Amino acid sequence: MNVIETKNLTKTYRRFQKDAGLKGSVKSLFKREYITKIAVNEFDFTVHEGEFIGLIGPNGAGKTTLVKMLTGIVAPTSGEISVAGYYPNKLENAFKKQYAVVMGQKSQLFFELSAADTFLLFKELYHIPDKEYQDNLNYFIELFGVRDLMNVQVRTLSLGERMKLELIVALLHNPKILFLDEPTIGLDAIAQKQIRKFLKEVNETKGTTILLTSHYMEDIKSLCKRCVVINGGTKLYDGDTDTLFHKYQTHKKISISFEHEETCKLDQDYTILEETPYKLTLLIRKEQSQKLLKDILDRYELSDITIEEEDIGNVVERIYNDKNEVLE
Ligand SMILES: Nc1ncnc2c1ncn2[C@@H]1O[C@H](COP(=O)(O)OP(=O)(O)OP(=O)(O)O)[C@@H](O)[C@H]1O
């Protein structure tokens, strides 16, 4: 069964534009100029019940606007949209019980209260029956290992501890769909891993459909079998996550810090992203990276080295070029 369906879904924003400086401000008092921005463009999308799906794209791609339309926060400009059988922007109470949203940079918890108090407040807001509330609470407290955090003031918690409680408060009413916007942002590697483990468990045991937006490709790779790439409001890719990364995430980003001033010259083909006498950051094809690392370690004295997956911007550019080549 599909829990999300969109067809030709489009959102345009109208925004006011003014010339710089005082002259521009005075002019704008008499004549306002507007530009139209297409944030999401004719977006077709279906999500099956129980799927864990990734939504990725560079800054300004339209991800948040899409999630805002799916949760009824903004109304579409045109197109069709159905979430759990509802038109989200009607904001019916029955619809609000079908989903939850967790945003890494926003909080649903009251900082002055304890988590236990906030949970009780949400129990009343969502009219959660006593037994369902107690069963869910116990299940999540055990799953997230947060029993000793329940009665402390939220403002005193670390970011990772707070995120676990954010997820619990969102899940207490058994939502069918969970929208997650950057849930691991700012967390250290251990906390990120823990959050991923919990989300996987919730998806598998409760059957919750999860739509995850993240800039950390590791979140998407380890959790989402399917992912959708959006750029400039348009869907660029919709399919298997492993296939996407295998085909389009072809390079690694390597940053090398030297112990002494160096002019680094290596035999492989690579693109320099940043170069100073003490540091070199480069992009190299994955299959050449091992040889390059060996050469670096053999030839130079290093103070640090980091190896990262290249970011989503490059991946999107490759999909875009690939599509245009096919079309030409
Ligand atoms: N309220 C608004 N009024 C005008 N333009 C907007 C509004 N909200 C978003 N936009 C524009 O719509 C486009 C898509 O923005 P959106 O926030 O959906 O992107 P995003 O993919 O979530 O980006 P990020 O990863 O940076 O959060 C951007 O160009 C943005 O400037």
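**Entry 1: Asn174**

I looked up asparagine 174 and placed it in the loop between helix H6 (159–171) and E6. The model is predicted. I read a phi near 55° for asparagine 174, a positive value in a residue other than glycine. I noted for context that most residues other than glycine have a negative phi. I then asked whether asparagine 174 is buried, exposed or partly exposed. Asparagine 174 has 17 C-beta neighbours inside 10 Å, so I recorded it as partly exposed.

**Entry 2: Ala84**

I turned to alanine 84, where phi is near 50° and again positive in a residue other than glycine. I located alanine 84 in the loop between strand E4 (78–83) and helix H3 (93–96). I counted alanine 84 as partly exposed because 19 C-beta neighbours lie inside 10 Å of it. The cut-off matters for this assignment, because a residue is buried if 20 or more other C-beta atoms lie within 10 Å of its own.

**Entry 3: Strand E6 and its partners**

I followed the chain to strand E6, residues 177–181, and asked how many of its five residues are buried. I found five of the five buried, and I entered the strand as mostly covered. I sorted the side chains by direction: Ile177, Phe179 and Asp181 point one way from E6, while Leu178 and Leu180 point the other way. I noted that Asp181 is buried along with the rest of these residues.

I next asked which strands pair with E6. Strand E5 (residues 99–103) is joined to E6 by five bridges, and the two run parallel. In this pairing I found valine 102 opposite leucine 180 of E6. Strand E7 (residues 209–213) is likewise joined to E6 by five bridges, in the parallel sense. Here I recorded leucine 211 of E7 as the bridge partner of phenylalanine 179. I traced the connection from E6 through helix H7 (residues 189–206) to E7 and entered this β-α-β crossover as right-handed.

**Entry 4: Strand E8 and the hairpin with E9**

I examined strand E8, residues 226–231, and found it mostly covered, with five of its six residues buried. I asked in which sense E8 pairs with strand E3 (residues 52–56), parallel or antiparallel. The answer is parallel, over four bridges. In this pairing isoleucine 53 stands opposite arginine 226 of E8.

I found the pairing of E8 with strand E9 (residues 234–240) to be antiparallel, over six bridges. I noted isoleucine 230 opposite lysine 235 of E9. The hairpin of E8 and E9 has two residues between the strands, and in it I read a positive phi near 55° for glycine 232.

**Entry 5: Shell around the ligand**

I listed the residues around the ligand: Tyr13, Arg15, Lys37, Ala39, Gly57, Asn59, Gly60, Ala61, Gly62, Lys63, Thr64 and Thr65. I asked which elements give two or more residues to this shell. They are strand E1 (2–17), strand E2 (33–48) and helix H2 (63–70). I recorded three residues from H2, the largest share of the shell. By class, I divided the shell into three nonpolar, six polar and three charged residues.

**Entry 6: Tyr34**

I looked up tyrosine 34 and found it in strand E2. I entered tyrosine 34 as exposed because it has 10 C-beta neighbours inside 10 Å; a residue with 12 or fewer such neighbours is exposed. I also noted a separation of 5.3 Å between the C-alpha atoms of tyrosine 34 and arginine 15, which are 19 residues apart along the chain. Arginine 15 is one of the residues around the ligand.

**Entry 7: Chain and domains**

I closed with the whole chain, for which I entered 11 helices and 13 strands. Of its 328 residues, 31% count as buried. I recorded a C-alpha trace spanning about 65 × 60 × 45 Å along its principal axes.

I took the division of the chain as domain 1 (2–247) and domain 2 (250–309). I noted that the centres of domain 1 and domain 2, taken over C-alpha atoms, are separated by 37 Å. From UniProt, in an unreviewed entry, I copied residues 24–257 as "domain: ABC transporter". I found this span to be 39% helix and 26% strand, with its end C-alpha atoms 47 Å apart.

Notes
Residues are numbered from 1 along each chain as its sequence is written. This is a predicted model: local features need pLDDT of at least 70, side-chain atom pairs count only at pLDDT 80 or more; totals for chains, interfaces and linings use all residues. A residue is near a molecule or strand if its C-beta atom, placed from the backbone, lies within 6 Å of it. Ala, Val, Leu, Ile, Met, Phe, Trp, Tyr, Cys and Pro count as nonpolar, Asp, Glu, Lys and Arg as charged, and the others, Gly among them, as polar. UniProt positions are given in the numbering used here, feature names are shortened, and annotations may be inferred rather than shown by experiment. Domain bounds come from an automatic or database domain assignment. Two strands pair if DSSP finds at least two bridges between them. A crossover is right-handed if, with the strands pointing away from the viewer, the path from the first strand over the helix to the second runs clockwise.
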